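Notebook open, structure on the screen. I want to jot down what I look up as I go.

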Amino acid sequence: METARVLVAADKFKGSLTAVQVAERVTAGLRRVVPEVRVETLPVADGGDGTVAAAVAAGFERREARVTGPLGGPVTAAYALRDTTAVVEMAEASGLQHLPAGVFAPLTATTYGSGELLAAALDAGARTIVFGVGGIATTDGGAGMLAALGARFLDADGKPVGPGGGGLAALAEADLSGLDPRLAEVDLILASDVDNPLTGPKGAPEVYGRQKGASEQDIATLDAALAHYASVLGPDHAGLPGAGAAGGIGYGALVALGARFRPGIEVMLDVLGFAPALARATLVITGEGSLDAQTLHGKAPAGVAAAARAAGIEVVAVCGRLALPPEALTAAGISRAYALADLEPDPAVSMAQAGPLLERASEALARDFLLR
């Protein structure tokens, strides 16, 4: 029998294992059952947190820059570079992880550092920038990002408006003439699985504001401020799919930077070299911490499974918890899923022991799919 060639293309198990660690543990489990199995690993991400790490694992160079965090203080943020292609992860500069525990700033958190990170990629010679958005603390419509790149947002007295989405209520003039001219020569790809508009019932404040600490009053304030911002900057773009991504930074990138919106996992599979790796495989293993209804809406495992199914290659999944019925897995192109929760029902223990449990789950997978 021909030796199986397995491609492990899984996302992180959030809170317990990085995508690289997932690949390592799966490989260890497979080889315990089939020592001679050929395994290729390609950690993946869908544009959210972990995107830079996935690019570095695929051979990109990790670069760091000192930028402005969401609360205005300095933070160190990483991006990835290979030749003239950069992968910039917004969460590195403006992510929730930069907020002290229990501290939120829904009205004043800024994306200024994300703009500085884009500028650092330009300085490094990037001509194609994959801008992964998600996991962020901000709802400022990308105004901070644009300000860092040379735009000016002024109130009726000609003074800069305050930081964050709340400050945009006082906006009287948006001057984009000072934007970095290099932006006109760059292919900027907005990589996100979010297709929300900027404002309204499905807009950024209403759908995502609460997870950034916004009260109901804050949400109403932000929605009105962003609607006003769009009326000044360009209302035609506010309803576009992706305009509401990452607190409206999608809108700022679309209206002022000429960005192209693409589903994050599709972009990342292209950038990471998934197609040639897939061509070498006879079985694909994907996964993430929770396989649930959200997975089916553009998350990494769904993108991997769709691409593999199109190539006629079987896909199985590993996960921390499984909240999809078998028919949903089948519809997504996944033959079977192995959940750590089946081995350890206590979520806290399962997360703490995720590595060893994932090796055990991968042993079972190997027995079922590599020894048949």
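Where is D83 found? I looked it up: D83 is in the loop between strand 4 (74-82) and strand 5 (85-89). I keep in mind that this is a predicted model.

**Entry: D83.** I checked the backbone here and got a phi near 55° for D83, a positive value in a residue other than glycine. Next I asked whether D83 is buried or exposed. The relative accessible area is 69%, so I put D83 down as exposed, the cut-off being over 50%.

**Entry: A246.** Here is another positive phi: A246 has about 55° although it is not a glycine. A246 is found in helix 9. With a relative accessible area of 11%, A246 goes down as buried, because that is under 20%.

**Entry: helix 9.** A246 made me look at the rest of helix 9, which covers residues 245-256. How many residues of helix 9 are buried? I got 12 of the 12, so the helix is largely enclosed by the rest of the structure. My list of buried residues there includes A245, I249, L254, V255 and A256, along with the glycines G247, G248, G250 and G252. I also noted what comes after the helix: G258 follows helix 9 and has a positive phi, near 65°.

**Entry: Y251.** I picked Y251 in helix 9 for a closer look. Its relative accessibility is 0%, so Y251 counts as buried. What does Y251 touch, if I skip residues up to four places away in sequence? I wrote down G141, L198, Y229, A230, L233, G234, P235, H237, A238, G242 and A243. I also looked at Y251 against P197: they are 54 residues apart in sequence, while their C-alpha atoms are 8.3 Å apart in space.

**Entry: helix 8 with helix 9.** Y229, A230 and L233 from the Y251 list sent me to helix 8 (residues 216-233). The axes of helix 8 and helix 9 come within 12 Å and cross at roughly 5°. That angle makes helix 8 roughly parallel to helix 9. On the helix 8 side I found Y229, A230 and L233 in the contact, and on the helix 9 side Y251, G252 and V255. Sorted by class, I have five nonpolar residues, one polar and no charged.

**Entry: helix 1 with helix 15.** For a second helix pair I took helix 1 (residues 19-33) and helix 15 (residues 354-369). Their axes are 7 Å apart and the packing angle is about 45°. That makes helix 1 oblique to helix 15. I noted the crossing as right-handed. Which residues meet in this contact? Helix 1 brings V22, R25, V26, A28, G29, L30, R32 and V33. Helix 15 brings G355, P356, L358, E359, S362, E363, L365, A366 and R367. By class I have nine nonpolar, three polar and five charged residues in this contact.

**Entry: whole chain.** Last, I zoomed out. The chain has 15 helices and 13 strands. Of its 372 residues, 54% count as buried. The C-alpha trace spans about 75 × 45 × 35 Å along the principal axes. I compared the radius of gyration with a compact globule: 372 residues would give a value near 21 Å, and the chain has 21 Å, which agrees. I also looked at contacts between residues at least 6 apart in sequence, and 71% of these join residues at least 24 apart.

Terms used: Residues numbered from 1 in each chain as written. Predicted model: local features only at pLDDT ≥ 70, side-chain atom pairs only at ≥ 80, totals over all residues. Heavy atoms only, no water. Axes fitted to C-alpha atoms, helices over the stretch in contact; angles between N-to-C directions. Helix = DSSP H or I, 4+ residues; strand = E, 2+ residues; numbered from the N terminus. Parallel < 35°, antiparallel > 145°, perpendicular 65-115°, else oblique. Left-handed = near helix turned anticlockwise from the far one by under 90°. Contact = heavy atoms within 4.5 Å. Nonpolar A, V, L, I, M, F, W, Y, C, P; charged D, E, K, R; others polar. Rg over C-alpha atoms; globule rule 2.2 N^0.38 Å. Buried < 20%, exposed > 50% of the residue type's maximum accessible area, 1.4 Å probe, protein only.
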